[in-house]
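Trainee: Let's go through this one label by label. I'd like to hear the reasoning behind each term.

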Amino acid sequence: MSSHPNNTDQPDRAQIKDDGRDARLSFRRFAEHKMKREFKEAAIKKCEVHLKNFGQCAQDNGLLVVFKCRDLNKKINECMVEHNS
């Protein structure tokens, strides 16, 4: 009978440990996400000229944006890769 309470305590300790670990990992994920978001915002600012050019091209060409603005889209992607990595 004295060993029965110990058996019920083990899962509780394991659960507490797992909960603490999850909290630490979620904080790390939050910090990583925040850093990535800040880098992306900085990259967007640096690529603002390309974004504006693409936006104007899209407004001018409507549904043909996929074909007529392909080069501008490529420049945006190259700029984002350069500044977001």
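**Labels and their reasons**

Trainee: What makes Lys52 count as exposed?

Mentor: Its relative accessibility is 55%. The cut-off for exposed is over 50%, so Lys52 passes. Keep in mind that this is a predicted model.

Trainee: And why is Glu48 called partly exposed?

Mentor: Glu48 has a relative accessible area of 40%. Buried would need under 20% and exposed over 50%, so Glu48 falls in between.

Trainee: How do you know that Glu48 forms a salt bridge with Lys52?

Mentor: The closest N and O atoms of Glu48 and Lys52 are 3.7 Å apart. The limit is 4 Å between a Lys or Arg side-chain nitrogen and an Asp or Glu carboxyl oxygen, so the pair qualifies. In general, side chains of opposite charge can pair when their charged atoms come close. The structure holds one salt bridge.

Trainee: Where do Glu48 and Lys52 lie?

Mentor: Both are in helix H2, residues 48–61, and four residues separate them, which is about one turn of the helix.

Trainee: Let's zoom out. How many helices and strands are there in the chain?

Mentor: Four helices and zero strands. From the N terminus on, the elements read α-α-α-α.

Trainee: What makes H2 roughly antiparallel to H4?

Mentor: The axes of H2 and H4 cross at roughly 155 degrees and come within 9 Å. Anything over 145 counts as roughly antiparallel, so the label fits H2 and H4. Their crossing is left-handed.

Trainee: Which residues make that contact between H2 and H4?

Mentor: From H2, you have His50, Leu51, Asn53, Phe54 and Cys57, and from H4, Leu72, Asn73, Lys75, Ile76 and Cys79.

Trainee: Take Leu51, then. Why is Leu51 called partly exposed?

Mentor: Leu51 has 32% relative accessibility. That isn't under 20% and isn't over 50%, so partly exposed is the right call for Leu51.

Trainee: Leaving aside neighbours within four places in sequence, what is Leu51 in contact with?

Mentor: Ile44 and Ile76. As for Asn77, it is 26 residues from Leu51 in sequence, with 9.8 Å between their C-alpha atoms.

Trainee: Now Cys47. How do you know whether Cys47 is buried or exposed?

Mentor: The relative accessible area of Cys47 is 0%. Buried means under 20%, so Cys47 is buried. Cys47 sits in the loop between helix H1 (3–46) and H2.

Trainee: What does Cys47 touch, not counting residues up to four places away in sequence?

Mentor: Cys79, Met80 and His83. By the same kind of count, Cys79 touches Lys46, Cys47 and His50. Cys47 and Glu82 are 35 residues apart along the chain, and their C-alpha atoms are separated by 9.7 Å.

Trainee: Which residues are in the largest nonpolar core?

Mentor: Ala43, Cys47, Ile76, Cys79 and Met80, five residues. Helix H4, residues 70–84, gives the most to this core, with three.

Trainee: What makes that set a nonpolar core?

Mentor: The core residues have to be buried, of a type such as Ala, Ile, Met or Cys, and joined through side-chain atoms within 4.5 Å. Take Cys47 as one of the five: its 0% is under the burial cut-off of 20%.

Trainee: And how many of the residues of the chain count as buried?

Mentor: 9% of the 85 residues. Among contacts with a separation of 6 or more, 55% come from residues 24 or more positions apart.

Key. Residues numbered from 1 in each chain as written. Predicted model: local features only at pLDDT ≥ 70, side-chain atom pairs only at ≥ 80, totals over all residues. Heavy atoms only, no water. Helix = DSSP H or I, 4+ residues; strand = E, 2+ residues; numbered from the N terminus. Buried < 20%, exposed > 50% of the residue type's maximum accessible area, 1.4 Å probe, protein only. Contact = heavy atoms within 4.5 Å. Axes fitted to C-alpha atoms, helices over the stretch in contact; angles between N-to-C directions. Parallel < 35°, antiparallel > 145°, perpendicular 65-115°, else oblique. Left-handed = near helix turned anticlockwise from the far one by under 90°.
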